[in-house]
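Here is a friendly walk through a structure, written for someone who likes to see the cut-offs next to the values. Please have the viewer open as you read.

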2 protein chains.
Amino acid sequence: MERELQNHISQQYDNDLDQVRAHLLEMGGRVENQVRDAVRALLEADSEVALKVKSDDDDVNDMEVSIDEECARIIALRQPIATDLRLVIGISKIVVDLERIGDEAGKIATQAINLSEMVDSPRGYSEIRHIGNHVTYMVRDALDAFARLDAEMALSVAKEDKLVDQEYASAVRSLITFMMEDPRNISQILNVIWTLRSLERVGDHARNIAEHVIYLVKGRDVRHVGLKKMAEEVEKG
Amino acid sequence: MERELQNHISQQYDNDLDQVRAHLLEMGGRVENQVRDAVRALLEADSEVALKVKSDDDDVNDMEVSIDEECARIIALRQPIATDLRLVIGISKIVVDLERIGDEAGKIATQAINLSEMVDSPRGYSEIRHIGNHVTYMVRDALDAFARLDAEMALSVAKEDKLVDQEYASAVRSLITFMMEDPRNISQILNVIWTLRSLERVGDHARNIAEHVIYLVKGRDVRHVGLKKMAEEVEKG
(Lines give C-alpha, C1' and ligand atoms only; values in the text may rest on other atoms or scores of the structure.)
Protein backbone atom coordinates (compact mmCIF):
# COMPACT_ATOMS: atom_id res chain seq x y z
CA MET A 1 0.00 0.00 0.00
CA GLU A 2 2.78 2.37 0.93
CA ARG A 3 4.57 1.42 -2.25
CA GLU A 4 1.51 2.29 -4.27
CA LEU A 5 1.33 5.66 -2.61
CA GLN A 6 4.98 6.27 -3.39
CA ASN A 7 4.42 5.36 -7.01
CA HIS A 8 1.43 7.58 -7.10
CA ILE A 9 3.37 10.53 -5.70
CA SER A 10 6.27 10.06 -8.05
CA GLN A 11 3.87 9.71 -10.98
CA GLN A 12 2.27 12.99 -9.97
CA TYR A 13 5.69 14.60 -9.74
CA ASP A 14 6.60 13.51 -13.29
CA ASN A 15 3.28 14.86 -14.46
CA ASP A 16 4.03 18.23 -12.89
CA LEU A 17 7.38 18.43 -14.65
CA ASP A 18 5.89 17.34 -17.97
CA GLN A 19 3.17 19.92 -17.63
CA VAL A 20 5.41 22.87 -16.94
CA ARG A 21 7.62 21.83 -19.86
CA ALA A 22 4.56 21.67 -22.10
CA HIS A 23 3.40 25.08 -20.90
CA LEU A 24 6.78 26.60 -21.64
CA LEU A 25 6.72 25.17 -25.16
CA GLU A 26 3.22 26.48 -25.66
CA MET A 27 4.31 29.96 -24.57
CA GLY A 28 7.34 29.62 -26.86
CA GLY A 29 5.18 28.77 -29.84
CA ARG A 30 3.07 31.77 -29.04
CA VAL A 31 5.91 34.30 -28.99
CA GLU A 32 7.45 32.74 -32.08
CA ASN A 33 4.18 33.49 -33.88
CA GLN A 34 4.12 36.98 -32.41
CA VAL A 35 7.50 37.77 -33.94
CA ARG A 36 6.54 36.28 -37.30
CA ASP A 37 3.22 38.14 -37.37
CA ALA A 38 4.77 41.44 -36.26
CA VAL A 39 7.29 41.29 -39.09
CA ARG A 40 4.58 40.33 -41.58
CA ALA A 41 2.34 43.16 -40.34
CA LEU A 42 5.16 45.59 -40.95
CA LEU A 43 6.15 44.33 -44.38
CA GLU A 44 2.55 44.18 -45.58
CA ALA A 45 1.46 47.41 -43.82
CA ASP A 46 -1.29 45.43 -42.12
CA SER A 47 -2.31 47.35 -38.98
CA GLU A 48 -4.94 44.80 -38.05
CA VAL A 49 -2.37 42.03 -37.65
CA ALA A 50 -0.16 44.48 -35.76
CA LEU A 51 -2.95 45.25 -33.28
CA LYS A 52 -3.55 41.52 -32.81
CA VAL A 53 0.14 41.02 -31.94
CA LYS A 54 -0.08 43.76 -29.35
CA SER A 55 -3.22 42.38 -27.75
CA ASP A 56 -1.75 38.84 -27.67
CA ASP A 57 0.89 40.20 -25.32
CA ASP A 58 -1.52 39.99 -22.37
CA ASP A 59 -1.85 36.23 -22.86
CA VAL A 60 1.90 35.83 -23.04
CA ASN A 61 2.32 37.83 -19.83
CA ASP A 62 -0.27 35.65 -18.11
CA MET A 63 1.60 32.57 -19.26
CA GLU A 64 4.83 33.92 -17.76
CA VAL A 65 3.19 34.47 -14.39
CA SER A 66 1.51 31.07 -14.32
CA ILE A 67 4.66 29.16 -15.38
CA ASP A 68 6.59 30.94 -12.64
CA GLU A 69 3.92 29.86 -10.16
CA GLU A 70 4.18 26.27 -11.34
CA CYS A 71 7.96 26.35 -10.89
CA ALA A 72 7.66 27.76 -7.36
CA ARG A 73 5.06 25.14 -6.48
CA ILE A 74 7.21 22.29 -7.77
CA ILE A 75 10.19 23.54 -5.79
CA ALA A 76 8.14 23.96 -2.61
CA LEU A 77 6.18 20.70 -2.79
CA ARG A 78 8.47 18.34 -4.66
CA GLN A 79 11.86 19.63 -3.58
CA PRO A 80 13.53 18.58 -6.81
CA ILE A 81 17.26 17.88 -6.92
CA ALA A 82 19.92 17.34 -9.58
CA THR A 83 18.54 17.15 -13.15
CA ASP A 84 14.99 17.94 -12.12
CA LEU A 85 16.08 21.02 -10.22
CA ARG A 86 18.12 22.18 -13.21
CA LEU A 87 15.07 21.70 -15.40
CA VAL A 88 12.91 23.84 -13.12
CA ILE A 89 15.56 26.55 -12.77
CA GLY A 90 16.17 26.46 -16.54
CA ILE A 91 12.47 26.89 -17.24
CA SER A 92 12.21 29.81 -14.85
CA LYS A 93 15.08 31.50 -16.72
CA ILE A 94 13.80 30.72 -20.21
CA VAL A 95 10.39 32.13 -19.40
CA VAL A 96 11.95 35.56 -18.81
CA ASP A 97 13.53 35.57 -22.26
CA LEU A 98 10.32 34.42 -23.90
CA GLU A 99 8.41 37.25 -22.27
CA ARG A 100 10.98 39.77 -23.48
CA ILE A 101 10.75 38.36 -27.01
CA GLY A 102 7.02 39.00 -26.77
CA ASP A 103 7.78 42.58 -25.70
CA GLU A 104 10.01 43.12 -28.71
CA ALA A 105 7.31 41.69 -31.00
CA GLY A 106 4.93 44.25 -29.49
CA LYS A 107 7.42 47.05 -30.23
CA ILE A 108 7.79 45.86 -33.82
CA ALA A 109 4.00 45.85 -34.12
CA THR A 110 3.98 49.48 -32.93
CA GLN A 111 6.50 50.38 -35.63
CA ALA A 112 4.37 48.48 -38.13
CA ILE A 113 1.46 50.75 -37.26
CA ASN A 114 3.65 53.88 -37.53
CA LEU A 115 5.06 52.76 -40.85
CA SER A 116 1.74 51.67 -42.33
CA GLU A 117 0.83 55.33 -42.74
CA MET A 118 3.87 56.12 -44.86
CA VAL A 119 3.59 56.07 -48.60
CA ASP A 120 7.20 56.08 -49.76
CA SER A 121 8.82 52.94 -50.98
CA PRO A 122 10.40 51.66 -47.81
CA ARG A 123 14.15 51.43 -47.27
CA GLY A 124 15.50 48.58 -45.19
CA TYR A 125 12.49 46.32 -45.64
CA SER A 126 14.48 43.54 -47.28
CA GLU A 127 16.83 43.63 -44.28
CA ILE A 128 13.85 43.41 -41.92
CA ARG A 129 12.51 40.45 -43.87
CA HIS A 130 15.87 38.72 -43.84
CA ILE A 131 16.82 39.34 -40.20
CA GLY A 132 13.22 38.70 -39.16
CA ASN A 133 13.33 35.23 -40.74
CA HIS A 134 16.71 34.58 -39.24
CA VAL A 135 15.75 35.34 -35.64
CA THR A 136 12.37 33.61 -35.95
CA TYR A 137 14.20 30.41 -36.87
CA MET A 138 16.59 30.95 -33.97
CA VAL A 139 13.68 31.17 -31.54
CA ARG A 140 12.13 28.01 -33.00
CA ASP A 141 15.45 26.12 -32.92
CA ALA A 142 16.14 27.23 -29.34
CA LEU A 143 12.72 25.87 -28.34
CA ASP A 144 13.31 22.63 -30.28
CA ALA A 145 16.66 22.28 -28.51
CA PHE A 146 14.79 22.67 -25.23
CA ALA A 147 12.10 20.14 -26.21
CA ARG A 148 14.72 17.56 -27.23
CA LEU A 149 17.29 18.49 -24.58
CA ASP A 150 19.72 18.86 -27.46
CA ALA A 151 22.82 20.81 -26.39
CA GLU A 152 24.44 20.72 -29.84
CA MET A 153 21.41 22.28 -31.44
CA ALA A 154 21.45 24.92 -28.70
CA LEU A 155 25.10 25.60 -29.45
CA SER A 156 24.32 26.23 -33.10
CA VAL A 157 21.63 28.76 -32.12
CA ALA A 158 24.17 30.61 -30.00
CA LYS A 159 26.51 30.70 -32.98
CA GLU A 160 23.82 32.16 -35.24
CA ASP A 161 23.48 35.17 -32.96
CA LYS A 162 26.89 36.40 -34.05
CA LEU A 163 25.71 36.47 -37.67
CA VAL A 164 22.56 38.36 -36.73
CA ASP A 165 24.66 40.98 -34.94
CA GLN A 166 26.72 41.45 -38.09
CA GLU A 167 23.67 41.65 -40.35
CA TYR A 168 22.12 44.20 -38.00
CA ALA A 169 25.22 46.38 -37.86
CA SER A 170 25.59 46.42 -41.62
CA ALA A 171 21.89 47.20 -42.19
CA VAL A 172 22.02 50.11 -39.75
CA ARG A 173 25.16 51.49 -41.36
CA SER A 174 23.56 51.65 -44.77
CA LEU A 175 20.37 53.18 -43.38
CA ILE A 176 22.40 55.93 -41.70
CA THR A 177 24.05 56.74 -45.00
CA PHE A 178 20.64 56.92 -46.60
CA MET A 179 19.36 59.26 -43.90
CA MET A 180 22.25 61.62 -44.52
CA GLU A 181 21.54 61.67 -48.23
CA ASP A 182 17.85 62.31 -47.80
CA PRO A 183 16.99 63.85 -44.42
CA ARG A 184 13.27 64.07 -45.23
CA ASN A 185 13.05 60.35 -44.53
CA ILE A 186 14.68 60.44 -41.11
CA SER A 187 11.57 59.60 -39.07
CA GLN A 188 10.60 56.75 -41.31
CA ILE A 189 14.10 55.29 -41.39
CA LEU A 190 14.33 55.54 -37.61
CA ASN A 191 11.21 53.39 -37.35
CA VAL A 192 12.96 50.85 -39.54
CA ILE A 193 16.09 51.02 -37.36
CA TRP A 194 14.03 50.53 -34.17
CA THR A 195 12.52 47.46 -35.77
CA LEU A 196 15.92 46.05 -36.70
CA ARG A 197 17.11 46.69 -33.17
CA SER A 198 14.14 44.80 -31.74
CA LEU A 199 14.89 41.89 -34.06
CA GLU A 200 18.52 41.92 -33.00
CA ARG A 201 17.37 41.65 -29.40
CA VAL A 202 15.10 38.75 -30.26
CA GLY A 203 18.28 37.05 -31.50
CA ASP A 204 19.97 37.84 -28.17
CA HIS A 205 17.10 36.27 -26.26
CA ALA A 206 17.15 33.17 -28.49
CA ARG A 207 20.82 32.87 -27.65
CA ASN A 208 20.05 33.23 -23.94
CA ILE A 209 17.47 30.45 -24.20
CA ALA A 210 20.04 28.28 -25.96
CA GLU A 211 22.49 28.92 -23.12
CA HIS A 212 19.89 27.90 -20.55
CA VAL A 213 19.27 24.70 -22.52
CA ILE A 214 22.98 23.89 -22.39
CA TYR A 215 22.90 24.51 -18.63
CA LEU A 216 19.99 22.22 -18.07
CA VAL A 217 21.36 19.45 -20.28
CA LYS A 218 25.01 19.67 -19.28
CA GLY A 219 24.83 21.23 -15.85
CA ARG A 220 27.33 23.88 -16.88
CA ASP A 221 26.69 27.58 -16.91
CA VAL A 222 27.91 28.81 -20.31
CA ARG A 223 26.71 32.40 -20.13
CA HIS A 224 29.55 34.85 -20.65
CA VAL A 225 32.11 32.18 -21.57
CA GLY A 226 32.35 32.83 -25.31
CA LEU A 227 31.48 30.52 -28.19
CA LYS A 228 34.74 28.56 -28.17
CA LYS A 229 34.51 27.59 -24.51
CA MET A 230 30.80 26.92 -24.97
CA ALA A 231 31.51 24.44 -27.78
CA GLU A 232 34.08 22.68 -25.58
CA GLU A 233 31.57 22.33 -22.74
CA VAL A 234 28.95 20.92 -25.10
CA GLU A 235 31.40 18.39 -26.56
CA LYS A 236 32.57 17.22 -23.13
CA GLY A 237 29.56 14.91 -23.16
CA MET B 1 22.90 16.79 21.32
CA GLU B 2 20.44 16.42 18.49
CA ARG B 3 19.00 19.81 19.36
CA GLU B 4 22.42 21.37 19.09
CA LEU B 5 22.86 19.86 15.65
CA GLN B 6 19.47 21.22 14.61
CA ASN B 7 20.39 24.67 15.83
CA HIS B 8 23.65 24.43 14.06
CA ILE B 9 21.99 23.47 10.78
CA SER B 10 19.40 26.20 11.00
CA GLN B 11 22.12 28.72 11.89
CA GLN B 12 24.03 27.64 8.80
CA TYR B 13 20.86 28.01 6.71
CA ASP B 14 20.30 31.57 7.90
CA ASN B 15 23.91 32.32 7.09
CA ASP B 16 23.44 31.03 3.55
CA LEU B 17 20.43 33.28 3.01
CA ASP B 18 22.21 36.28 4.51
CA GLN B 19 25.20 35.66 2.31
CA VAL B 20 23.34 35.45 -0.95
CA ARG B 21 21.40 38.61 -0.05
CA ALA B 22 24.70 40.37 0.68
CA HIS B 23 26.17 39.17 -2.61
CA LEU B 24 23.19 40.46 -4.53
CA LEU B 25 23.51 43.87 -2.88
CA GLU B 26 27.22 43.89 -3.66
CA MET B 27 26.50 43.15 -7.31
CA GLY B 28 23.80 45.84 -7.25
CA GLY B 29 26.22 48.43 -5.91
CA ARG B 30 28.63 47.46 -8.62
CA VAL B 31 26.19 47.95 -11.52
CA GLU B 32 24.87 51.16 -10.00
CA ASN B 33 28.44 52.50 -10.17
CA GLN B 34 28.81 51.20 -13.70
CA VAL B 35 25.82 53.23 -14.86
CA ARG B 36 26.99 56.35 -13.03
CA ASP B 37 30.53 56.02 -14.40
CA ALA B 38 29.35 55.31 -17.94
CA VAL B 39 27.25 58.47 -17.96
CA ARG B 40 30.10 60.48 -16.48
CA ALA B 41 32.55 59.06 -19.05
CA LEU B 42 30.22 60.18 -21.81
CA LEU B 43 29.54 63.66 -20.48
CA GLU B 44 33.20 64.32 -19.75
CA ALA B 45 34.49 62.56 -22.89
CA ASP B 46 36.67 60.38 -20.67
CA SER B 47 37.53 57.21 -22.62
CA GLU B 48 39.60 55.80 -19.81
CA VAL B 49 36.63 55.67 -17.45
CA ALA B 50 34.55 54.22 -20.30
CA LEU B 51 37.05 51.40 -20.83
CA LYS B 52 37.04 50.69 -17.10
CA VAL B 53 33.23 50.35 -17.17
CA LYS B 54 33.49 47.86 -20.02
CA SER B 55 36.15 45.77 -18.31
CA ASP B 56 34.18 45.73 -15.03
CA ASP B 57 31.48 43.86 -16.89
CA ASP B 58 33.40 40.58 -16.54
CA ASP B 59 33.23 40.85 -12.75
CA VAL B 60 29.52 41.55 -12.86
CA ASN B 61 28.97 38.53 -15.11
CA ASP B 62 30.95 36.34 -12.71
CA MET B 63 28.81 37.62 -9.85
CA GLU B 64 25.64 36.67 -11.73
CA VAL B 65 26.86 33.11 -12.28
CA SER B 66 27.99 32.65 -8.70
CA ILE B 67 24.78 34.06 -7.17
CA ASP B 68 22.76 31.72 -9.38
CA GLU B 69 24.89 28.83 -8.10
CA GLU B 70 24.26 29.89 -4.50
CA CYS B 71 20.50 29.98 -5.15
CA ALA B 72 20.51 26.51 -6.74
CA ARG B 73 22.57 25.15 -3.84
CA ILE B 74 20.23 26.61 -1.23
CA ILE B 75 17.19 25.14 -3.01
CA ALA B 76 18.83 21.72 -3.35
CA LEU B 77 20.30 21.46 0.15
CA ARG B 78 17.97 23.55 2.31
CA GLN B 79 14.68 23.04 0.49
CA PRO B 80 13.34 26.44 1.50
CA ILE B 81 9.60 27.06 1.66
CA ALA B 82 7.28 30.06 2.00
CA THR B 83 9.10 33.37 2.61
CA ASP B 84 12.55 31.86 2.26
CA LEU B 85 11.67 30.28 -1.06
CA ARG B 86 10.27 33.58 -2.31
CA LEU B 87 13.49 35.29 -1.26
CA VAL B 88 15.61 32.81 -3.22
CA ILE B 89 13.36 32.97 -6.29
CA GLY B 90 13.27 36.77 -6.05
CA ILE B 91 17.05 36.94 -5.90
CA SER B 92 17.41 34.68 -8.91
CA LYS B 93 15.11 37.03 -10.85
CA ILE B 94 16.74 40.25 -9.67
CA VAL B 95 20.17 39.01 -10.63
CA VAL B 96 19.07 38.82 -14.29
CA ASP B 97 17.99 42.46 -14.28
CA LEU B 98 21.20 43.56 -12.59
CA GLU B 99 23.25 41.80 -15.22
CA ARG B 100 21.27 43.49 -18.00
CA ILE B 101 21.79 46.88 -16.35
CA GLY B 102 25.50 46.13 -16.46
CA ASP B 103 25.14 45.34 -20.18
CA GLU B 104 23.44 48.66 -20.82
CA ALA B 105 26.19 50.47 -18.90
CA GLY B 106 28.68 48.74 -21.19
CA LYS B 107 26.76 49.96 -24.25
CA ILE B 108 26.71 53.51 -22.89
CA ALA B 109 30.45 53.26 -22.35
CA THR B 110 30.85 52.25 -26.01
CA GLN B 111 28.87 55.32 -27.07
CA ALA B 112 31.03 57.41 -24.73
CA ILE B 113 34.09 56.23 -26.64
CA ASN B 114 32.46 56.94 -30.01
CA LEU B 115 31.35 60.38 -28.89
CA SER B 116 34.65 61.32 -27.25
CA GLU B 117 36.14 61.74 -30.72
CA MET B 118 33.58 64.31 -31.79
CA VAL B 119 34.37 67.97 -31.47
CA ASP B 120 30.99 69.64 -31.89
CA SER B 121 29.08 70.95 -28.93
CA PRO B 122 26.91 68.00 -28.09
CA ARG B 123 23.13 67.98 -28.40
CA GLY B 124 21.12 65.99 -25.92
CA TYR B 125 23.80 65.91 -23.23
CA SER B 126 21.67 67.69 -20.66
CA GLU B 127 18.96 65.06 -21.26
CA ILE B 128 21.53 62.29 -20.79
CA ARG B 129 22.66 63.91 -17.55
CA HIS B 130 19.12 64.27 -16.31
CA ILE B 131 17.78 60.83 -17.29
CA GLY B 132 21.09 59.27 -16.23
CA ASN B 133 20.67 60.69 -12.72
CA HIS B 134 17.06 59.66 -12.64
CA VAL B 135 17.63 56.00 -13.49
CA THR B 136 20.71 55.72 -11.28
CA TYR B 137 18.57 56.76 -8.33
CA MET B 138 15.91 54.29 -9.38
CA VAL B 139 18.46 51.46 -9.34
CA ARG B 140 19.71 52.54 -5.94
CA ASP B 141 16.17 52.85 -4.52
CA ALA B 142 15.17 49.47 -5.95
CA LEU B 143 18.18 47.92 -4.20
CA ASP B 144 17.39 49.78 -0.96
CA ALA B 145 13.83 48.51 -1.18
CA PHE B 146 15.26 44.99 -1.52
CA ALA B 147 17.65 45.46 1.41
CA ARG B 148 14.84 46.75 3.66
CA LEU B 149 12.09 44.53 2.21
CA ASP B 150 10.19 47.76 1.69
CA ALA B 151 7.28 47.24 -0.73
CA GLU B 152 6.17 50.88 -0.66
CA MET B 153 9.58 52.08 -1.68
CA ALA B 154 9.55 49.49 -4.46
CA LEU B 155 6.18 50.81 -5.60
CA SER B 156 7.54 54.33 -5.86
CA VAL B 157 10.40 53.08 -8.04
CA ALA B 158 7.89 51.44 -10.37
CA LYS B 159 6.03 54.74 -10.58
CA GLU B 160 9.20 56.64 -11.50
CA ASP B 161 9.65 54.46 -14.56
CA LYS B 162 6.67 56.09 -16.20
CA LEU B 163 8.30 59.50 -15.86
CA VAL B 164 11.53 58.20 -17.35
CA ASP B 165 9.64 56.85 -20.35
CA GLN B 166 8.10 60.29 -20.90
CA GLU B 167 11.43 62.08 -20.52
CA TYR B 168 12.99 59.65 -22.96
CA ALA B 169 10.27 60.07 -25.58
CA SER B 170 10.43 63.85 -25.41
CA ALA B 171 14.24 63.90 -25.65
CA VAL B 172 14.20 61.63 -28.70
CA ARG B 173 11.55 63.74 -30.40
CA SER B 174 13.61 66.89 -30.10
CA LEU B 175 16.76 65.11 -31.26
CA ILE B 176 14.95 63.88 -34.37
CA THR B 177 13.92 67.44 -35.19
CA PHE B 178 17.50 68.51 -34.78
CA MET B 179 18.72 65.74 -37.11
CA MET B 180 16.32 66.90 -39.78
CA GLU B 181 17.54 70.47 -39.48
CA ASP B 182 21.19 69.53 -39.65
CA PRO B 183 21.78 66.14 -41.26
CA ARG B 184 25.56 66.39 -40.92
CA ASN B 185 25.14 65.51 -37.24
CA ILE B 186 23.07 62.38 -37.80
CA SER B 187 25.73 59.88 -36.67
CA GLN B 188 26.56 61.83 -33.57
CA ILE B 189 22.93 62.33 -32.61
CA LEU B 190 22.22 58.64 -33.13
CA ASN B 191 24.93 57.83 -30.59
CA VAL B 192 23.15 60.15 -28.18
CA ILE B 193 19.81 58.46 -28.93
CA TRP B 194 21.31 54.98 -28.36
CA THR B 195 22.57 56.21 -25.01
CA LEU B 196 19.16 57.55 -24.03
CA ARG B 197 17.60 54.27 -25.07
CA SER B 198 20.04 52.34 -22.87
CA LEU B 199 19.20 54.61 -19.94
CA GLU B 200 15.50 54.09 -20.55
CA ARG B 201 16.11 50.33 -20.37
CA VAL B 202 18.01 50.74 -17.12
CA GLY B 203 14.83 52.34 -15.81
CA ASP B 204 12.82 49.33 -17.04
CA HIS B 205 15.14 46.96 -15.22
CA ALA B 206 14.94 49.03 -12.02
CA ARG B 207 11.19 48.73 -12.29
CA ASN B 208 11.48 44.96 -12.79
CA ILE B 209 13.63 44.73 -9.66
CA ALA B 210 11.03 46.74 -7.75
CA GLU B 211 8.33 44.30 -8.92
CA HIS B 212 10.39 41.35 -7.71
CA VAL B 213 10.78 43.07 -4.34
CA ILE B 214 7.01 43.45 -4.07
CA TYR B 215 6.67 39.74 -4.92
CA LEU B 216 9.10 38.66 -2.28
CA VAL B 217 7.67 40.92 0.42
CA LYS B 218 3.99 40.48 -0.40
CA GLY B 219 3.94 37.11 -2.14
CA ARG B 220 2.01 38.62 -5.02
CA ASP B 221 3.19 38.74 -8.59
CA VAL B 222 2.65 42.32 -9.75
CA ARG B 223 4.32 42.15 -13.12
CA HIS B 224 2.01 43.20 -15.91
CA VAL B 225 -0.78 44.34 -13.58
CA GLY B 226 -0.40 48.09 -14.04
CA LEU B 227 0.49 50.71 -11.44
CA LYS B 228 -2.98 51.07 -9.95
CA LYS B 229 -3.42 47.38 -9.20
CA MET B 230 0.18 47.27 -7.99
CA ALA B 231 -0.50 50.03 -5.46
CA GLU B 232 -3.57 48.15 -4.22
CA GLU B 233 -1.55 44.97 -3.72
CA VAL B 234 1.12 46.86 -1.77
CA GLU B 235 -1.45 48.54 0.46
CA LYS B 236 -3.21 45.27 1.23
CA GLY B 237 -0.58 44.75 3.91
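What follows covers the fold of one chain, two helices of the other, and then the interface between them.

This is a predicted model, in which local features need pLDDT of at least 70 and side-chain atom pairs count only at pLDDT 80 or more, while totals for chains, interfaces and linings use all residues. Residues are numbered from 1 along each chain as its sequence is written, chains are lettered from A and ligands numbered from 1 in the order in which they are written, and side-chain values use heavy atoms, with hydrogens and water left out.

**Chain A**

Let us start with the fold. Chain A has 7 helices and 0 strands, where helices (H or I, at least four residues) and strands (E, at least two) are DSSP runs numbered from the N terminus. Its C-alpha trace spans about 80 × 40 × 20 Å along the principal axes.

Within this chain, A:D16 sits in helix α1 (residues 2–43). Which residues does A:D16 touch, leaving aside its neighbours within four places in sequence? They are A:I74 and A:R78, with contact meaning heavy atoms within 4.5 Å. The side chains of A:D16 and A:R78 are also joined by a polar contact of 3.0 Å. A polar contact is a pair of N or O atoms within 3.5 Å; within protein, one must be able to donate a hydrogen and the other to accept it, and residues adjacent in sequence count only if both atoms are side-chain atoms.

**Two helices of chain B**

The table sets the expected span of each helix, 1.5 Å times one less than its number of residues, beside the distance between its end C-alpha atoms.

| Helix of chain B | Residues | Expected span | End C-alpha distance |
|---|---|---|---|
| α2 (47–78) | 32 residues | 46 Å | 46 Å |
| α4 (125–148) | 24 residues | 34 Å | 34 Å |

At the N-terminal end of α2(B), B:D46 acts as a cap, with a side-chain oxygen 3.1 Å from the backbone nitrogen of B:E48. After α2(B) comes B:Q79, with a positive phi near 45°. Just after α4(B), B:L149 has a positive phi of about 50°.

**Where the chains meet**

Contacts link 37 residues of chain B with 37 residues of chain A. The area buried between the two chains is about 3,300 Å², with 59% from carbon and sulfur atoms; buried area is the accessible area (1.4 Å probe) that two parts lose on being put together, summed over both. On the chain B side, B:R100, B:W194 and B:H224 lose the most area to chain A, together 17% of what that side buries.

How many salt bridges are there between chain B and chain A? The count is 10, a salt bridge being a side-chain nitrogen of Lys or Arg within 4 Å of a carboxyl oxygen of Asp or Glu. B:E104 forms one with A:R201, their closest N and O atoms being 3.4 Å apart. The interface also has 14 residue pairs in polar contact, both at pLDDT 80 or more. α3(B) gives the most to the side of chain B that touches chain A, with 11 residues.
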